[in-house]
Amino acid sequence: MKPGSTSAACAALIRRDLTLVWRRRGDALNPILFALIVVSLFPLALGPEPENLRRIAAGVVFVALLLAGLLALDTLFRSDYEDGSLEQLVLSPHPLSLLLACKIAVHWLTTALPLILIAPLLGELLHIAEPVRWVLPVALLLATPLLSLLGAVCVALTVGMHRSGMLVALLVLPLYVPVLIFGAGACNAAQSGLPFLAPLLWLGAAFVLALVLAPLACAAALRISLS
Amino acid sequence: MPSSDFHDRPALLEAHALAFARNDEPIFGPLDFALHAGEVVLIEGDNGAGKSTLLRVLSGLLAPTSGEIRLNGEPLTLARLSPQVALLSHQSGLKPELTAMENLRFAAGLHGVRKGISPATALAGVGLEGYADVPTRQLSAGQKKRVALARVLLAPVGLWLLDEPYANLDLDGIRLVNRLLENHANRGGAALITSHGAYAYTSGTPRRIPLRHGESGEAPSHGSGELTSGGSGGSRNAGTSIAEPRGEA
């Protein structure tokens with residue numbers, strides 16, 4: 001009577017979550033549509049002058065993706081909490097933080113990565129400047145996993161509450177603001193021809209720190225939410 | 001294995017003065033009982049008596065307000081408990097978008113598999129052959145319960161905590177649960193089950209723990225008198241004798 005290996009458990013969880021996303025693939029398009037709509041509204045509101053749009057392009061794309069990510073955050077644990085799979089996850093003999101890290105990774109892969117892939121297109125809609133064109137995806141690649149990890153902790157804390165959407169937004173925004181400042185800051189620096197490596201490195205350092213600590217905090221928060 | 005051997009070892013699960021209160025409102029306890037390998041014990045109580053809460057406390061999901069739980073004679077921690085316990089709670093833990101087989105395969109990956117059983121045989125064991133590829137969403141409430149029971153059956157654990165395993169099941173399903181419990185007890189496992197009525201047992205009554213809201217429930221009116229005695233006495237071996245009404249196939 002011995003439990004299976006931890007890697008088998010992680011693989012089973014990743015396979016299940018990917019299958020679930022595929023079965024609900026209609027929902028997976030929502031964040032992309034949201035970001036597309038937000039970004040395409042800006043030229044309509046501000047007028048089509050490329051000069052105006054170019055100045056704000058990176059910032060707008062960054063904010064649109066951040067909000068789209070916030071929209072998708074609630075789905076991370078919601079259905080697992082409602083159907084009782086979260087209980088089973090907590091009761092499994094494997095480290096909960098590792099299983100949650102797998103869940104967050106799949107969530108990032110299926111919600112944030114598609115957004116990063118369409119970010120260059122969104123940038124073109126706003127006449128993004130030449131040097132920012134490749135700094136933006138790099139900044140997003142570092143910033144979005146950080147956002148997912150920070151967001152997961154806040155969602156884990158509130159998953160037991162009904163209608164927790166507003167609370168999650170309030171908890172998450174103060175944590176998201178520094179990420180936004182560094183990410184958009186790198187893009188702005190690149191646009192003005194200034195060195196942009198430092199903010200990117202800060203993002204990378206914060207990402208590594210969150211990768212280690214957030215799953216642990218997330219596991220502790222979920223145990224509290226379930227009790 | 002002769003049943004007297006079960007009691008020479010420390011009890012699989014022991015509770016001493018176990019109580020739980022939510023926001024200072026007592027939910028159950030203090031309770032004293034012991035559960036030995038090979039035993040099936042029925043927790044009885046009305047709606048709101050704290051049966052489900054008791055199972056959640058015993059599964060380690062909730063921390064007791066006071067009292068102590070011992071697992072094989074040692075204090076309980078989630079890390080020590082989780083490889084040994086399978087919980088069937090009100091929520092099935094099944095994904096409606098996945099098929100019965102996919103749900104079981106995931107459970108097998110997460111918790112491991114009991115020797116000599118596979119997701120396919122577990123599904124057949126609960127009478128759902130032919131439903132492997134049906135999305136769980138399309139199954140009836142009773143069939144979902146059976147899939148959840150298959151998950152419990154699959155887990156390589158000794159202790160089953162089943163919350164209302166008879167709910168939503170037809171007569172055939174009730175017999176099935178009794179048969180699964182009997183087999184589990186016979187191979188040295190133990191189970192705690194809750195029920196708000198004794199309709200499932202027509203004969204061979206198992207040991208009972210009566211629960212009443214906010215009380216220790218002393219002076220049980222059900223006659224088995226096992227509540228605070230820590231599982232001593234003659235009715236112990238009644239645990240394995242859950243009788244199923246045999247007869248029609």
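**Exercise 1.** Determine how many residues each chain gives to the contact of chain A with chain B, and which elements of chain A take part.

*Solution.* Count pairs whose C-beta atoms, placed from the backbone, lie within 7 Å. Chain A supplies 25 residues and chain B 27. Next, assign elements: helices are DSSP runs of H or I with at least four residues, numbered from the N terminus. Helix 1 (6-23) and helix 6 (85-91) of chain A each give two or more residues. Helix 1 of chain A has the largest share, nine residues.

This is a predicted model: local features need pLDDT of at least 70, side-chain atom pairs need 80 or more, and totals for chains, interfaces and linings use all residues. Residues are numbered from 1 along each chain as its sequence is written, with chains lettered from A and ligands numbered from 1 in the order written.

**Exercise 2.** Find how the axes of helix 4 (residues 50-73) and helix 9 (residues 165-191) of chain A cross.

*Solution.* Fit lines to the C-alpha atoms over the stretch in contact; angles run from 0 to 180 degrees between N-to-C directions. The axes come within 9 Å and cross at roughly 155 degrees. Helix 4 of chain A is therefore roughly antiparallel to helix 9 of chain A (angles over 145 degrees). Among the contact residues are Phe62(A) and Leu66(A) of helix 4, and Val172(A) and Tyr176(A) of helix 9.

**Exercise 3.** Is Leu122(A) buried or exposed?

*Solution.* Locate Leu122(A) in helix 7 (residues 96-125) of chain A. Count 24 other C-beta atoms within 10 Å: Leu122(A) is buried (20 or more; exposed means 12 or fewer). Beyond four places in sequence, Leu122(A) touches Ala35(A), Val39(A), Val61(A) and Ala64(A).

Definitions and conventions. Angles under 35 degrees count as roughly parallel, over 145 as roughly antiparallel, 65 to 115 as roughly perpendicular and the rest as oblique. Two residues are in contact if their C-beta atoms, placed from the backbone, lie within 7 Å.
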